[in-house]
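Biologist: I would like to look at a protein model together and learn to read it step by step. Could you show it to me, please?

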Amino acid sequence: MSTIAAISTPHAAGGISVIRISGENALTVAEKVFFPSSKNKRPSEMNGYTCAYGNICDGDTVLDDGILTVFRAPNSYTGEDVAEISCHGGIFITEQILRLILSEGAEPAEAGEFTKRAFLNGKMSLTQAEGVMDIISAGGKAELCCASALKEGALFRRIKTVSDRVLRLLGSLAAWVDYPEDDIPAVTNEEINDTLCYANKQLDELLSSYDSGKILRKGIDTVIVGKPNVGKSTLMNLLSGCERSIVTEIAGTTRDIVEESVRLGDIVLRLSDTAGIHFTNDIVENEGVKLAKKKLGTAEMILAVFDLGAEISEEDISIAESCKGKNAIAVLNKSDLDQKFDFQSISDNFKECVILSAGSGEGAEKLAEAVEKIYKLGDIVPDAGMIVNERQRACAEKAKNSFSEAICALASGATFDAVNILIDEGENFLLELTGERASEAVVNEVFSRFCVGK
Ligand code: GDP
């Protein structure tokens with residue numbers, strides 16, 4: 001395989017930049033540009049896990065000084081010989097050094113190529129490589145926790161346990177089908193059924209945790225609704241105040257959406273419609289309900305705010321009715337006032353109800369508990385292995401469907417040959433999930449989402 005090089009640090013000015021070179025000639029290329037100040041040190045002869053200080057030179061011109069770190073195959077990130085040059089973190093100087101390295105025989109690395117080589121050299125599974133990508137993009141504790149578990153191989157091990165058991169069954173079936181006259185113990189319908197039911201139970205568990213896992217990782221699209229003056233803005237301020245709110249600008253294709261996120265314990269609530277965040281009190285009543293209803297349709301979760309200190313109104317009832325069947329929490333605000341609000345009459349419309357005072361903050365912690373209950377977040381254990389992306393979900397789903405078909409075929413008296421084909425198909429989807437038998441197209445697709453230098 002060719003020797004590749006890229007800048008592995010962000011394309012921005014910083015304290016240091018790291019240029020990574022990987023491949024058979026990594027150290028001879030490094031030797032042409034990096035000159036250790038200790039004259040008896042030669043990069044091509046350095047041991048793995050050692051460093052040298054020196055100059056980076058283009059002919060007689062010293063471009064910069066820095067540190068060279070050497071990793072020897074197979075004990076490197078990619079599994080190949082790797083040289084990493086740390087230089088001063090200017091964009092121009094780093095690019096100049098990379099250009100020099102490329103002129104000495106290295107090829108520019110493609111997006112994700114270092115990690116792709118690590119995968120191809122057996123340093124990590126495909127799901128672990130996806131974990132590396134998720135660690136880089138993780139924006140919060142829960143997301144990082146899921147990404148680390150993925151990188152540590154939690155999902156890989158869980159799928160591998162299932163696929164190994166299915167593989168043993170396939171082995172027995174193949175022996176039985178190919179050599180029926182030999183003295184091979186018969187495979188029973190019960191054995192096949194047991195293995196496939198076990199596999200599907202595991203896959204079901206993984207698939208059902210996908211949605212709640214997504215919420216833990218990406219946050220929940222939330223709207224706060226309620227008629228004017230019930231305390232929506234005060235609640236919003238309270239939530240933002242728990243931890244400074246993060247504002248991210250996402251460049252959309254048609255327009256820019258400003259997304260405001262607030263943290264509630266470990267959960268992020270994404271309040272994506274700014275018009276919905278900055279409530280104005282001058283909305284006439286009907287307009288208020290109309291706006292609220294429109295937002296109710298698209299949100300994943302609704303916080304419907306009511307004023308405990310006021311009588312229930314038609315508008316409150318109308319808002320409550322729009323929440324029916326949705327992931328809606330009734331936030332009964334102003335718990336410090338004399339209670340006039342008749343919640344009982346509308347309680348059926350909500351999954352959870354929280355009594356609090358947005359003004360003083362009293363009872364606010366119960367809001368996080370209510371969200372966790374709705375999404376059953378307490379049941380999620382990232383270390384047990386979780387499906388975290390659409391590719392993995394699709395593979396698990398397809399494997400499950402093939403195994404289900406095999407179970408049906410077996411029950412309806414199909415031959416072992418026919419059942420075998422279906423089980424084999426399911427097993428292939430499991431191996432595609434872990435990357436053990438993924439096509440080149442699948443592998444390329446996974447790594448194309450990486451950044452250059454990773
Ligand atoms: P919005 O129109 O729904 O956004 O309501 P606001 O957040 O502007 O609040 C309306 C009024 O209710 C303001 O005067 C707030 O100070 C008051 N308010 C909000 N939360 C509480 C609370 O918990 N207790 C009391 N007594 N007043 C509150």
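Biologist: Is cysteine 353 buried, partly exposed or exposed?

Modeller: Happy to help! This is a predicted model, where local features need pLDDT of at least 70, side-chain atom pairs count only at pLDDT 80 or more, and totals for chains, interfaces and linings use all residues. Residues are numbered from 1 along each chain as its sequence is written, and side-chain values use heavy atoms, with hydrogens and water left out. Buried means under 20% relative accessible area, exposed means over 50%, and partly exposed is in between (1.4 Å probe, protein chains only); cysteine 353 has 35% relative accessibility, so it counts as partly exposed.

Biologist: And what is the relative accessible area of cysteine 57, and how many disulfides does the structure have?

Modeller: Cysteine 57 is buried, with a relative accessible area of 11%. A disulfide is a pair of cysteine sulfur atoms within 2.5 Å. Searching the whole structure gives a disulfide count of zero.

Biologist: Which residue meets arginine 391 in a salt bridge?

Modeller: A salt bridge is a side-chain nitrogen of Lys or Arg within 4 Å of a carboxyl oxygen of Asp or Glu, and the structure holds 20 of them. In one of these, the N to O distance from arginine 391 is 2.8 Å. The partner is glutamate 130.

Biologist: Why does that pair tie together parts far along the sequence, and how many residues apart are they?

Modeller: Helices (H or I, at least four residues) and strands (E, at least two) are DSSP runs, numbered from the N terminus. Arginine 391 is buried at 14%, and glutamate 130 is buried at 0%. Arginine 391 sits in helix H13 (residues 390-411) and glutamate 130 in helix H4 (residues 126-137), so the parts they tie together are separated in sequence by 261 residues.

Biologist: Which helix holds arginine 158, the salt-bridge partner of glutamate 205?

Modeller: The closest N and O atoms of glutamate 205 and arginine 158 are 2.9 Å apart. This pair links distant parts of the chain, 47 residues apart, with glutamate 205 in helix H7 (residues 189-218) and arginine 158 in helix H6 (residues 154-178). Glutamate 205 is partly exposed at 37%, whereas arginine 158 is buried at 17%. The helix you asked for is H6.

Biologist: Which residue follows alanine 73 across a cis peptide bond?

Modeller: Most peptide bonds are trans. Here, omega is about 0° for the bond in question. The residue that alanine 73 is joined to lies in the loop between strand S5 (61-71) and strand S6 (82-88), and its name is proline 74.

Biologist: What is the phi of asparagine 229?

Modeller: Most residues other than glycine have a negative phi. Asparagine 229 lies in the loop between strand S8 (220-225) and helix H8 (232-242), and it is exposed at 54%. Its phi is positive although it is not a glycine, at about 75°.

Biologist: Where is tyrosine 49, and what value is its phi near?

Modeller: Tyrosine 49 lies in the loop between strand S3 (34-36) and strand S4 (50-58). It is exposed, with a relative accessible area of 59%. Its phi is positive, in a residue other than glycine, and is near 60°.
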